[in-house]
Amino acid sequence: YQRRVHGAELKKESKGSSSSVLLHFLAGDRVLRVLGQLQRLQADVSQVLCGLPPNQQPAAIDGLQRSVARLTKVNRALLLEIAEATGAKLAADIDPKQLQLPAFFFHRDDATVDFLATLATALEAAHPTLLVVLTCGVAKDNDVQFLVSGPGEPVAALGPKVAAALGGKGGGAKGRYRGKGTNGKALRTLQQTLFP
């Protein structure tokens, strides 16, 4: 039994040895399978784009990408403004008794490393001797980030302990130690474990 080739799709061509040309192609049933996949993909894209015809979809997708980039930039700026306000409030609200603790701990799920750095700057300006541990990330996602800030030697000593507690690693210098962890569940016990 010999299959009959119903179609062929040329994928690309490349130069072979001497004067030969290599053709890369799909033939027979594989062409039909690929065309079927493309048709399903086209239908899915059309549905996401509210039924726009294919000839209008590239412009719509380009517009969406530009909107996402613009909104991402606006969101980053707003988040940093929130970080500055939060840092100022934390610095003003710290109880003198907290200055006697081994470290000050703060966590926010939706923060970024830039957010943490802004908080650290505000806290350092108000309380130069304060050792600070700042974390962000959702515990259940097991993708957390941290920043240890304060006087150089205590930061160098505490930073690796925080990294180990969160199942990650990090590094730094000049009073800052930052890193990532993979044990989000440890966030709940980090404060009690490191700062009894």
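Okay, let's start with strand β5: it is mostly covered, with 5 of its 6 residues buried. Keep in mind that this is a predicted model.

So where does β5 sit? It belongs to an open sheet of 5 strands, and the order across that sheet is β3-β4-β5-β7-β6, with mixed pairing. Now look at the two ends. β3, residues 104–108, and β6, residues 169–171, stand at the edges, and each has a single partner strand, so one side of each is left without a neighbour in the sheet. From one strand to the next, the twist averages 15 degrees.

A quick reminder on how this works in general: strands of a sheet pair through backbone hydrogen bonds, and they can do that parallel or antiparallel.

Back to β5, then, and its two sides. On one side there's β4, which runs antiparallel to β5 and is joined to it by 5 bridges. If you want a residue pair to find on screen, take Val132, whose bridge partner in β5 is Ser149. On the other side, β5 pairs with β7, again in the antiparallel sense, over 6 bridges. There, Val148 stands opposite Tyr177 in β7.

Moving on to the β6 edge: 3 bridges join β6 to β7, residues 176–181, and these two strands run antiparallel. The pair to look for here is Gly171, which stands opposite Arg178 in β7.

Last thing: what lies across these strands? That's helix α4, residues 152–165, which lies across β4, β5, β6 and β7. Compare directions and you'll see α4 running at about 165 degrees to β5, the mostly covered strand we began with.

Technical notes
Residues are numbered from 1 along each chain as its sequence is written. This is a predicted model: local features need pLDDT of at least 70, side-chain atom pairs count only at pLDDT 80 or more; totals for chains, interfaces and linings use all residues. Side-chain values use heavy atoms; hydrogens and water are left out. Two strands pair if DSSP finds at least two bridges between them. Helices (H or I, at least four residues) and strands (E, at least two) are DSSP runs, numbered from the N terminus. Axes are lines fitted to C-alpha atoms, for helices over the stretch in contact, and angles run from 0 to 180 degrees between N-to-C directions. Contact means heavy atoms within 4.5 Å. Buried means under 20% relative accessible area, exposed over 50%, partly exposed in between (1.4 Å probe, protein chains only).
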